[in-house]
Amino acid sequence: MKKIMIGLILLGCMLLLSFSGCVQEKPSKLQDVHVGLSWIHEAQFAGLYWADQNDLYKNEGLNVTLTPYNYEDLAQKLVDGTYDFVLLQTDTLLLAREQGLPVKAIFADYRLMPTVYFSKKAQNITKPEDLLNKTVGVAYSERYPLVAMLKQEGINLSSVNIVEREYDYGWLANGSYAVEAGWVTDGDTVQAIVGEYNVIRPYEYGVNWYADLICTTDDMITNHSDLVEKFIRATSTGWENAIEHQDSAALLTQKYDPTTQADHLKFVLQVSSPLIHTGEDHIGWMKKSVFEDTTQILLDQGILTQTVNANDVFTMKFLEKIYSTG
Amino acid sequence: MKIGIKLVIVSEILVLLTISSIGYVALQIGNQSIRERIEAQLGSVTTLKADHLDDFIKEKIENIISLRNQYTHLLLESQYTTQNGREFLRDRLIENSYFTEFFILNNNGTVQLSTDPMQEGKVKSNEEYFKQGQSDTFLQSFYYDLSLQQPAITIATPVKNENNETIQVFAGRMNISEISEIMSERTGLGETGETYLINNLNFVVTPLKTEENTLFKKAVYTDIIKKGLTEKPTNTQILSGYLNYANTPSIGSYVYLSDLNVLLITEMSDAEASAPLQALGNNILVMSLLIFFVTLVFCIYIPQKILKQINNLTTITESISGGNLGVAVDITSTDEVGQLASSFEKMRKSLQTTNEELLRTQRNLEKKVEKRTAELNEKMKKLQDSEIATLNINEDLQRTVDKLKETQTTIELQNIQLKKLDKIKSDFLNITSHELRTPMSAIKGYVQMIMKQKLGETTEEQKQALNVIIRNTNRLDSLIQDILDISRLESGTMKFIAEPTNIQQMIKEAIETTHSLADTKKIQLSTNIEENLPTIVIDKERIKQVIMNLINNAIKFSPNGSSILVRVKKETDNLLIEVQDHGRGIPKEHQTKIFNTFYQVDSGMDRKFGGAGLGLSIARGIVLSHGGNIWVESSGLPGEGSIFKFTLPLIPVHDLEGKFRDVDIFRLKDTKKIIENDLRNKTVIWKEETADKGEKS
Amino acid sequence: MTKIMIVDDETDLREMLNIMLRKEGFETETAENGDDFLSKIDGFQPDLVTLDVMMPGLTTREILEKLNEKKTKPKIILLTVVRYSEEEKQKLIQRGIVDYVTKPFEFDHLIDTIHKYVLLNPVR
């Protein structure tokens, strides 16, 4: 009897070992994945950080490197093969596609536009019509939602003084600008410089696009869909957890950039999370109408010279697969 | 093992068996009923709350519809201004505290009027409630309002003009706190029981008991939610044995509210659910222990009395066996033990009586013995008087006894002398035998060598001379053999070797050896041996010697050309062997004497034929030693021949040598008889008698 | 050649057997009593021994016992004056006696008996 017991225990141990061996086999075959972020390390990438630091990528067999933005053409670098995935904005994605670069969005971080227009609270600038005869400082793509909003509201463009801004909220503080554009995540900086502030959110006035879209090449989508699916699965779980545990997730940023400040990181994630997880659908979800509307806006403003087919620009294939199996 | 302990063990085993089987059944039944109760409870809470919610929502929808109607009425009045509109909305808001905002959207989806001025101008065209609300009353359930940064439920309904065209959308936004309160209303579910709502995206939309800050932030993927969102059952369902959002094993009921697009879950931990079962189990355990110990106490106490009685009996038995019959037995009960005690007591009383009788008898006997002793003493005195008289007789007797002792000593000495003589004879025979044989060996050996021309060629004359030497050497050798044989027989030192013998074979060998001699006188030797003779235990060589001796005699005394017959017959107890010849016969007066040593019928004749007259006496000695008899039958008339007969017993004579000592070669038996007679006549005299008295006495 | 040792205290008999067996073609050696026999046996290494039973000095039994200590183990034929029973014969065989011949013996009987146990010229 004793012998049978020992034999069974040994067998069990052997089975366990072989199983653990099986499980452990995967890490030895980690695939290298390079991700080009859209900005320097910031809590706005908390979902990816969470996935990275909690071995979600590792468990999918991926060795992910998150590279912060270095004033490069991310779409080009993606197509070159320097990166496997890059974070683009809706406008840069559409422009890349217009140029024939075979890039597609597979996941959207911000489903509500984080671009807002800051003003001192005392100014009571809360709606687009309050911008009449005001100087608004914008940089690059910050112009497009402003113009779209004004058009939407039927406000004459010439009655708003739109200027190229310096990246300095001091100008807002000293009154050079009545309104200055920025990301909602700059809020704490604005508060520090300007004091209490108001924001105009474009999506409240019918203007919205996606920010920080995870993009990859057509080739990746077709020929390496397994890899893409694994990356997206880990990333979406990472985002769900980051939303649920916001404070601790925000601090994950410090691993990549120890100089970042905890309070700022927490603020960033706090104001970002309702834009990322809207509650309307799963994180990462994309709708065709957003791409179509944005294409229209960009065409109107002459940024795009030709229509881009929305279907060429994004695919829901991976998200649908992940969320159908739960 | 003591009875008491046995009883305890048996009782406790019975108790344990009973309790465990009852307990098991009870727990099984208990488990079942508790399960059912819990499930019923959970189910009813879910159903209750679902209904409550349903009713609440329905009520709110009705509110909105009625408010919209009022507003429409107001709007279509000619005095309508936006100010009126605002006031209307604000007033209504105060009345309807469940709502947190009322607002009007135009056909573009822009907020035209709102109880919250901040919302005016905002574009809600993407919101589902606007899109749907343009055509029909729509409830947008549990969504996250971004401008307000909180979850909300909004009911929108179209505002239509007289032409039934939608001109505006009337919407009211609700705080979900009311709903949260419905969820968290206590329903007697216990500590861990709670109800909450989950939306289609797996997000928590009402607060959870054990976790904070989860609204619209936490996505839960437990089994119950998976099932609920897949099945979307409109009737309450039960699921047990799953892990809830906090990884606690739980049991829960769920139902899908289709108007709110949420899953309602009521769940409690398994531990709490089965707590009553635990309690039942504990109770049973406590009861069991109680019963166990009570039984133990009774088992120890009750037999005490009986054991006491038994021990008492044991003590009394011991004292009785020690001799004390006087102690009575206590009879303290009427049960079997009591009966045993009472019969024991009867036995004791009867033993006591018997004992007393015995004592009495003993005393009587003692008295009788005393009397007898006295009588004997008197007799003794009388005897002593006659003692002196007998002394004289005793002296005479004594003298006779002394004389006998002398004679005995003399006889003993003579016996020793005789034994010495025997030994001397025996040694003499052995040495003689060796001393006689050695020269014979040398002579025979060399003679044979020379005869065989081993020592060189021999002439004819030499060969003849050697033949004579050999013949005479052999004759001498025979004589020596015979003398040695007869000496041994007479001294009783002849060594016999008894072995099972085939008589037929033996006689065949004897005939072969004597054949050449028979042929010299042209005498025919024949045999008549009975069939199927048993094997007989005898000294083969010696009996063969006997037969050859008889045959040789027969040849010696038979005329030429006659025949000799050797016959063997089986008798009841013996084998009878006969050698018959047709010679001159033996006269009657010689028929016994011929067996004597050195006896010859006719010395002249015998000398002619050779032989020292030892053969027959040797034959006799051998046959008698075997326990048989040898004799001759002859008419005595010449020509009629004689038949020499001897018997051999079929049952072997053990210890042939010993037996021989009883055989009387020198007829000492007769001498012995004379001595016996003399003794009787009180004279001790040797007397010699000749052997002629005949064997048959 | 087969070797036979002749042990007998009577000089005449010893010599006679010596001549007899030599004539028959055996190689022979003689000894006049037990001690003499035992001292010579390992030197001569006889195949067969004729042993007289009645000799002065060591008894037949003692001779046979001491023979166990010797290297040579010849076959022994006793020359005796008495007959033996079956039982006695078995005992003798256990002691190394292969047969016996009674004295006085016939020449042929002795030679035949010896030939039963040894060959004249054994194959070596």
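**Exercise 1. Describe how β4(B) and β5(B) pair, and follow the chain from one strand into the other.**

Solution. Strands β4(B) and β5(B) pair in the antiparallel sense, over 9 bridges, where two strands count as paired if DSSP finds at least two bridges between them. Strands here are DSSP runs of E of at least two residues, helices are runs of H or I of at least four residues, and both are numbered from the N terminus. The next step is the connection: the two strands form a hairpin with 5 residues between them, and B:Asn164 in the turn has a positive phi of about 65°. As one example of a pair across the two strands, B:Lys160 has B:Thr166 in β5(B) as its bridge partner.

Before going on, note that this is a predicted model, in which local features need pLDDT of at least 70 and side-chain atom pairs count only at pLDDT 80 or more, while totals for chains, interfaces and linings use all residues. Residues are numbered from 1 along each chain as its sequence is written, and chains are lettered from A and ligands numbered from 1 in the order in which they are written.

**Exercise 2. Place this hairpin in its sheet, and name the helices that pack on the sheet.**

Solution. The sheet is open and has 5 strands in the order β2-β1-β5-β4-β3 of chain B, with antiparallel pairing. Its edge strands are β2 (111-114) and β3 (138-145) of chain B, each of which pairs on one side only. From one strand to the next the twist averages 30°, axes being lines fitted to C-alpha atoms, for helices over the stretch in contact, with angles from 0 to 180 degrees between N-to-C directions.

Now take the other pairings in turn. Strand β1 (residues 99-106) of chain B is joined to β5 (residues 166-175) of chain B by 7 bridges, and B:Phe99 stands opposite B:Met174 in β5(B). On β4(B), 6 bridges make the antiparallel link with β3(B), where B:Asp145 stands opposite B:Gln150.

Two helices complete the picture. Helix α1 (residues 3-75) of chain B packs on the sheet and touches β3, β4 (150-160) and β5 of chain B, its direction making about 45° with that of β4(B); contact requires C-beta atoms, placed from the backbone, within 7 Å. Helix α2 (residues 82-95) of chain B lies across β1 and β2 of chain B, at about 155° to β1(B).

**Exercise 3. Is β4(B) mostly covered or uncovered, and does B:Leu637 count as buried or exposed?**

Solution. A residue is buried if 20 or more other C-beta atoms, placed from the backbone, lie within 10 Å of its own, exposed if 12 or fewer do, and partly exposed in between. By this rule β4(B) is mostly covered, with 8 of its 11 residues buried. B:Leu637, by contrast, counts as exposed because it has 10 C-beta neighbours inside 10 Å. This leucine, B:Leu637, lies in the loop between β15 (630-634) and β16 (642-649) of chain B, and its C-alpha is 6.0 Å from that of B:Gly585, 52 residues away in sequence.

**Exercise 4. Work out the strand order and the edges of the open sheet in chain A.**

Solution. The order is β7-β6-β8-β5-β9 of chain A, and the pairing of these 5 strands is mixed. Strands β7 (161-164) and β9 (197-200) of chain A stand at the edges with a single partner strand each, so one side of each has no neighbour in the sheet. The twist averages 35° from one strand to the next. For β9(A), the pairing with β5 (residues 115-120) of chain A is antiparallel over 4 bridges, and A:Lys120 stands opposite A:Tyr197 in β9(A). Helix α8 (residues 187-194) of chain A lies across β5, β8 and β9 of chain A, at about 140° to β9(A).

**Exercise 5. Locate the largest nonpolar core and say which domains contribute to it.**

Solution. A nonpolar core is a set of buried Ala, Val, Leu, Ile, Met, Phe, Trp, Tyr and Cys residues joined through C-beta atoms within 7 Å. The largest has 97 residues, of which A:Ala46, A:Ala105, A:Val136 and A:Cys215 touch the most other members. This core lies between domain 1 (29-112 + 209-325) and domain 2 (115-205) of chain A, because both give residues to it; the domain bounds come from an automatic or database domain assignment. Apart from it lies another core, of 53 residues, including B:Phe102 and B:Val159.
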